[in-house]
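Here is a short briefing to read alongside the sequence and the coordinates. Have a look at the fold, then come back for a tour of some helix packing and some aromatic contacts.

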Amino acid sequence: FPEGVYYNLGGLYKQQQIAFAGLIAVFAAAVALVFLLLLFLYESFRVAGAIMATTLLALTAVFIGLFVTGTELNISAMMGMTMIVGIATEVAIFYVSEYYDLPEGLDEREALILAGKNRMRPIAMTTFAAILALLPLALGIGQGAAMLKPLAIAIISGLVIQMPLVMIVMPVIFHVLQVKKK
């Protein structure tokens, strides 16, 4: 460009950038608030950290799912990522509550395994039901599905990985961090 000439992008592009920045702030706030809620609920940085580590690991699957399907990260996909924070945390809370409700006297390793066994069916049913419900949107079936396709792909990708993370990785994190039963 010659000196003194400049360009300024506006209109729809500017509105999209503003909305994207707003969603990033909402996502960060959701992660922070969930962490604070976990601290309040369990009164332990170790437990809250283990659950949040599992949740944040589940978010990596969202990026992988979007990449594999050739879907770009847009506002709808960001909403799906924010929802995964809540869903993955809820599933982890199911597991942790079962772990804390087990009778005293069990070895830590036995308690972690037993908590997984006891919560496997409800966690699996919740996960598979949500995946099956979102599958038509992810496949683009029906009117308006194209607009919500990135949201569905993001949620399904996060759900697919969150179950093994909660059932396998989180107990390992608990063991490494030596999280004790209340």
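The notes below go from a helix pair to an aromatic cluster and then to a glutamate.

Please keep in mind that this is a predicted model. Helix α1 covers residues 12-42 and helix α2 covers residues 45-69. Y42, which takes part in the contact of α1 with α2, also belongs to an aromatic cluster with Y99, Y100 and F174. Two members of that cluster, Y99 and F174, are in turn among the contacts of E108.

**How α1 and α2 pack**

- The axes of α1 and α2 lie 8 Å apart and make an angle of about 150°.
- Angles over 145 degrees count as roughly antiparallel, and α1 and α2 are therefore roughly antiparallel to each other.
- The crossing in which α1 passes α2 is right-handed.
- On the α1 side, the contact is made by F27, V31, V34, F35, L38, L39 and Y42.
- Facing them from α2 are F45, V47, A48, G49, I51, M52, L56 and L59.
- By residue type, this contact has 14 nonpolar residues, one polar and no charged.

**Aromatic pairs and the cluster**

- The model has four aromatic pairs.
- In one of them, Y42 and Y100 have ring centres 5.7 Å apart and ring planes at 50°, so this pair is tilted.
- This pair joins distant parts of the chain, since Y42 sits in helix α1 and Y100 in helix α3 (residues 75-101), with their positions 58 residues apart.
- Y42 has a relative accessibility of 6% and counts as buried.
- Y100 counts as buried too, at 14% relative accessibility.
- Y99 and Y100 make another tilted pair, with ring centres 5.6 Å apart and planes at 40°.
- Both residues of that pair, Y99 and Y100, are buried.
- Which residues come together in one aromatic cluster? They are Y42, Y99, Y100 and F174.

**E108 and its surroundings**

- E108 lies in helix α4, which covers residues 108-138.
- Is E108 buried or exposed? With a relative accessible area of 18%, E108 is buried, because the cut-off for buried is under 20%.
- Leaving aside neighbours within four places in sequence, E108 is in contact with Y99, F174, H175, Q178, V179 and K180.
- Y99 and F174, both on that contact list, are also members of the aromatic cluster with Y42 and Y100.

How values were computed
Residues numbered from 1 in each chain as written. Predicted model: local features only at pLDDT ≥ 70, side-chain atom pairs only at ≥ 80, totals over all residues. Heavy atoms only, no water. Axes fitted to C-alpha atoms, helices over the stretch in contact; angles between N-to-C directions. Helix = DSSP H or I, 4+ residues; strand = E, 2+ residues; numbered from the N terminus. Parallel < 35°, antiparallel > 145°, perpendicular 65-115°, else oblique. Left-handed = near helix turned anticlockwise from the far one by under 90°. Contact = heavy atoms within 4.5 Å. Nonpolar A, V, L, I, M, F, W, Y, C, P; charged D, E, K, R; others polar. Phe/Tyr/Trp six-rings, centres within 6.5 Å; stacked < 30°, edge-to-face > 60°. Buried < 20%, exposed > 50% of the residue type's maximum accessible area, 1.4 Å probe, protein only.
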